[in-house]
Amino acid sequence: MKFSRRSQRPQGAATDGGATDDATRAAAPTSDTALAGDPTRASSPGAAPRGAALPGAALPPGMLIAGAWAWRLLAVAAALAVLFWLIATLEEIVVPLLIAILVSAFLVPVAGFLRRHRWPRWLAIVAALLAGVIVVGGLVLLAVTQIRAGLPQIERQSVAQYDQLTTLLQGPPLSLTNADVSGYLKDAQSALQTESKTILSGVLSIGTAAGHLLAGGLLTLFATIFLMIDGRGVWAWTVRLFPKAARPAVDGAGQAGWHTLTSFVRVQIVVAAVNAVGIGLIAFFLGLPLAVPIAILVFLASFIPVVGAIVTGALAVIVALVFAGPIQAVVMLAGVLVVHLLEAHVLQPLVMGSAVRVHPLAVVFAVAGGSYVAGIPGALFAVPTVAVLNVMVEYVATGAWRRSRVAADVVEAPEAS
């Protein structure tokens, strides 16, 4: 039986692989060729054509890394700007809270010391608060008393200094007459009367500032009492605002920052006391008026590192120059420099140690930046803020929180009873 060539192969059977595959390959273009000839043909919608350059592939790697860092830094800067704006807007609330935290950093260890000696908790807190109020109130009362007692001497010395200044102006090279001096005084009086409205508005603004100061003092006292009574509960509530996975790190960093803050406050009290005693004794032995108020002012201003000590030292030198003479002013200046050198080279290394690990250059720039941004409050809180942030960032970066134990009330909210 003869079969035709076409019927020799069953229908649906595989054809000759070699010839048919060659024909198929010749008829159908390859995927690369097709994609190159027709850019619209892609394997899937939205996919980049094969062989096309990825976005940014033409840029050098350094530029890509710099761009990635740049937008992240911009995001951080924007977040910090919003934070600073909120702090500036709510300054009358933020500043009392920060002062309360600083005061609590000193009083909480005092209350803890009393509790370790078996004092009741409430009695230890009340005793610590009363001790703080008595110390601050005693310093203010002592300063006011000394100023009132020294006013007669200041008046006499002021008259004597005015006579000396008049004699100096009447001599060479100015050679002014009494009429000239009287004319200048009348001009000054006229200018004072002309600017009376401005001065009156300034007095009113001072009265408004005094009202804000009183309100801020009440807020500070209120916040200090609550921080001493339930500071642990306030911190636990703050930590629970963060995601659960981040709470151990936040809690450990906060504990490290609190330890640094308490150490910083104790060190600053010691440094301020040494500065006040040293400069006050020098002013007393030189016979300067208001030696005790000067010492109290030095003590309070020394809580602003670097800047406070320099400003109060310069004030003491000016008082010595005006009420004693140039020789006493030079002696006062030498004494102020000796006290500051003692603080910088003896007290800071020995007392502070490794408690507050902030370089002196960072201290100077922190105080300068804080005073530029927020004035006196910024200068006051700049160094403790930098010290606390330094320790907290280091704690989180080293991963020490992975080995620390976290209290249950921090990780989980306490159940309502």
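What follows is a short conversation about how the labels on this predicted model are earned.

Me: Before we start, what kind of model is this, and how are its residues numbered?
Reply: This is a predicted model, in which local features need pLDDT of at least 70 and side-chain atom pairs count only at pLDDT 80 or more, while totals for chains, interfaces and linings use all residues. Residues are numbered from 1 along each chain as its sequence is written, and side-chain values use heavy atoms, with hydrogens and water left out.

Me: What makes up the fold, in helices and strands?
Reply: There are 13 helices and zero strands, so every element you meet from the N terminus on is an α, under the rule that helices are DSSP runs of H or I with at least four residues and strands are runs of E with at least two, numbered from the N terminus. In contacts with a separation of 6 or more, residues 24 or more positions apart account for 70%; a contact here means heavy atoms within 4.5 Å.

Me: How do you know that the span of helix H8 agrees with its number of residues?
Reply: The expected span is 1.5 Å times one less than the number of residues. Helix H8 covers residues 247-285, which is 39 residues, so 57 Å is expected, and its end C-alpha atoms are indeed 57 Å apart. After H8 comes Gly 287, with a positive phi near 75°.

Me: Why are H8 and H9 called roughly antiparallel?
Reply: Helix H9 is residues 291-301, and its axis comes within 8 Å of the H8 axis, crossing at roughly 155°. Axes are lines fitted to C-alpha atoms, for helices over the stretch in contact, with angles from 0 to 180 degrees between N-to-C directions. Angles under 35 degrees count as roughly parallel, over 145 as roughly antiparallel, 65 to 115 as roughly perpendicular and the rest as oblique. The angle of roughly 155° is over 145, so the pair is roughly antiparallel. Residues making the contact include Ile 269, Ala 276 and Phe 284 of H8 and Ile 294, Val 298 and Phe 299 of H9. By class there are twelve nonpolar, two polar and no charged residues, where Ala, Val, Leu, Ile, Met, Phe, Trp, Tyr, Cys and Pro count as nonpolar, Asp, Glu, Lys and Arg as charged, and the others, Gly among them, as polar.

Me: And what makes H4 and H8 roughly perpendicular?
Reply: Helix H4 (residues 91-116) packs on H8 at about 85°, with the axes 9 Å apart. That angle falls in the perpendicular range, and the pair is therefore called roughly perpendicular. Among the residues that meet are Leu 102 and Phe 106 in H4, and Trp 258 and Arg 266 in H8. The classes here are ten nonpolar, two polar and one charged.

Me: Where do H8 and H12 meet, and which classes of residue take part?
Reply: Their axes come within 8 Å and cross at roughly 145°. The contact includes Gly 252, Gly 257 and Phe 264 of H8, with Pro 384, Met 392 and Tyr 395 of H12. It divides into 13 nonpolar, four polar and no charged residues.

Me: Why is Thr 220 called buried?
Reply: Buried means under 20% relative accessible area, exposed over 50%, and partly exposed in between (1.4 Å probe, protein chains only). Thr 220, in helix H7 (residues 196-239), has 13%, so it counts as buried. Leaving out residues up to four places away in sequence, Thr 220 touches Pro 96, Ile 99 and Ala 100.

Me: How do you know whether Phe 381 is buried or exposed?
Reply: Phe 381 lies in helix H12, and its relative accessible area is 9%, so Phe 381 is buried. Beyond its neighbours within four places in sequence, Phe 381 is in contact with Val 95, Leu 98, Ile 99 and Leu 102. Across the protein, buried residues make up 25% of the 417.

Me: What makes Ala 368 and Val 144 partly exposed?
Reply: Ala 368, in helix H12 (residues 360-398), has 41%. Val 144, in helix H5 (residues 121-170), has 42%. Each value sits between the two limits, so each residue is partly exposed.

Me: Why is Arg 118 called exposed?
Reply: Its relative accessible area is 81%, so Arg 118 passes the limit for exposed. Arg 118 sits in the loop between H4 and H5. Its phi is positive, near 70°, in a residue other than glycine. Most residues other than glycine have a negative phi.
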